[in-house]
Amino acid sequence: MAHFTKATSIHDWLNQRLGIDKVRRVMATEYWIPKNINFLWAMGMVLAITFSILLVSGIFLLMYYQPNINTAFDSVNYTIMREVDFGWLWRHVHAVAASVVFLIIYIHMFTAIYYGSYKKGREMIWISGMLLFVAFSAEAFSGYMLPWGQMSYWAGMVITNLFSGGSLHADGLVEWIRGDYVPAQAFLTRFFMLHVLLIPITILGLIGLHFGALRIPHVNNQDGEEIDFEVEAAKYKSGDKAGSKVIAFMNDFMSKDMMVVGIYLVFFFYLVFYHYGFAMDAVNFDPADGLKTPTHIYPEWYFLWSYEILRPFSTNIGLIAFAFAQVIFMLLPWLDRSPNAVPASRRGLFKIWFWVLLVDMITLTAMGKVPPSGIFSTIGLVAALTFIGLWVILPFITMFEKKV
Amino acid sequence: MESNGRRGFMGKAFGAVAAVGAVGSLVAMKKSWDPLPSVRSAGFTTLDMNVYKDNELVTEKWRGKPVFVLKKTAEMVAKQTDADKSRDIVVGGNHFMVSIGLCTHLGCIPGYNPKSESFLCACHGGTYDFSGVVTKAPPPRALDVPPFKINGNMLVLGEEGPEYKIMKETGITL
């Protein structure tokens, strides 16, 4: 057994039993972050804060929400919105955060693509990040079912129908997922379970993996420079803070991180108090009705780009294109054949590739929102083909990239 | 070495027990997600075919989905094409169109116009004739026929009778 002495303070008492000084060193004061970074490096913390906001607001909603097809709609739109003091706040915070979290995820993702932060030992950071994207998508979808409005019901119908695999007609699988022939009580209760338990646990585990994956390769920097963290850390600790290329995670880096978080939160609560409407679809304020289809069924804005890849094609080809779009980002570290881990601006053709991809995804998002007819339908088709084409040519343009 | 051999054996023995347990739990988990017996047994709808009126569309409900029932008039029966005839359901001497009322394109519910004797899906403009056969794209196929069994003057939806099996085998419906 370890040797314990009479504690001189509460700090010492805890330190002997939990090693809190060592934990703080490893997690904060001697966890090194490069100096050469910008505000885009704060998106991870912004996401962590947004996830916490979702968790807290979700806990309060959970106390009044009823996962029953007869009472769910009223428990949200009457009980929470009108009876519970500040119930509206939790709902609007939850809805706005669920939408904004995807905006930040996309910024976080495109920052990584731009600076090549998925290369040279950082592949696991990228993969765990993409798994988080998948988990957040499942979380968003399952949460969207819960108010049991028209959009909840029909989005549930359409998305679960995707699992029939087009011409494969795997209707048995669809019925198994739903627990019924159509979305009904079994469907609502199981998606409730997924939304409040299984997927959040998965997300927490993946966040742990994502942070863990960062430990050994460390955070990338604006020039993709390979930093010898041990040498630079020694410089910092010896007092040469100006000469060192790194700073401590806490308090140095965190002070700036939280500054960005502060600005973000002002923007976030501005949306919550004055512009929450964008996160709540008007159609979903009608209770679910299995015998009446809404004129247009469209997903939330963050799924529109992949929805638009599904839409312009016939059922089977559309499903294949959709599946392609879901998995292809995961393979980025291997499809990019160039060893250069530098910003896209110094990578020749890849620079063009990056900006075309970004514009293409914004175009797909815009076209996913408008009805699929006339010129929009053509633009959508071209954008969907461009998306697939971009990924097909990526290995070739990066293979011949000049070594920087 | 001897004790390592024993540990190895114990490890494998545990692995075997755990594997059996894991497979068993997966079976239980899969089955727990299956539709409940009450859901399955509610999957049958019996229709009295005497109550329908000529050329008047009635929407019944089967397994939570709308089912169109349309009693065809003598003129409609006379002008049926081969495709129409193959989908015709005859109960007690009367001819019926019975289909799942969801557009085969993206699952919207088409509306019936008794004057033009046709269905129009407002979502993407697909049309069907009075038998549910596509007359204008985008729907990829005619309206699906639900499994049915003719029982005297009654029609049981959810059970597969000989007439339905023929339709299914010949690819008239899915």
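**A tour of the predicted model**

Start with chain B: the C-alpha centres of its domain 1 and domain 2 lie 51 Å apart. This is a predicted model, so keep that in mind as you click along. To see the two parts, colour residues 2-34 of chain B as domain 1 and residues 40-169 as domain 2, following the domain assignment.

Next, move to chain A and select helix H4 (residues 72-83) together with helix H5 (residues 87-115). Their axes are 5 Å apart, and the helices pack at an angle of about 120 degrees. Show the side chains at the contact: H4(A) brings A:Ile80, A:Met81 and A:Glu83, while H5(A) brings A:Gly87, A:Trp88 and A:Arg91. Of these contact residues, three are nonpolar, one is polar and two are charged.

Stay with H5(A), which gives eleven residues, the largest share, to the largest nonpolar core. That core has 66 residues, and A:Val96, A:Phe136 and A:Trp148 are among those with the most contacts inside it. Zoom in on A:Val96: beyond its neighbours within four places in sequence, it touches A:Phe268, A:Leu271, A:Val272, A:Tyr276 and A:Ala279. For a second, separate core of 32 residues, select B:Leu47, B:Leu70, B:Val133 and B:Leu155, which it includes.

Last stop: A:Glu139, in helix H6 (residues 123-145) of chain A. Is A:Glu139 buried or exposed? A:Glu139 counts as buried because 24 other C-beta atoms lie within 10 Å, and the cut-off is 20 or more. Leaving aside neighbours within four places in sequence, its contacts are A:His195, A:Ile199 and A:Ile203. Finally, try a distance: the C-alpha atoms of A:Glu139 and A:Gln326 are separated by 16 Å, with their positions 187 residues apart along the chain.

Notes. Residues numbered from 1 in each chain as written. Chains lettered and ligands numbered in written order. Predicted model: local features only at pLDDT ≥ 70, side-chain atom pairs only at ≥ 80, totals over all residues. Domains from an automatic or database assignment. Axes fitted to C-alpha atoms, helices over the stretch in contact; angles between N-to-C directions. Helix = DSSP H or I, 4+ residues; strand = E, 2+ residues; numbered from the N terminus. Contact = placed C-beta atoms within 7 Å. Nonpolar A, V, L, I, M, F, W, Y, C, P; charged D, E, K, R; others polar. Buried ≥ 20, exposed ≤ 12 C-beta atoms within 10 Å, placed from the backbone. Core = buried A, V, L, I, M, F, W, Y, C linked by C-beta atoms within 7 Å.
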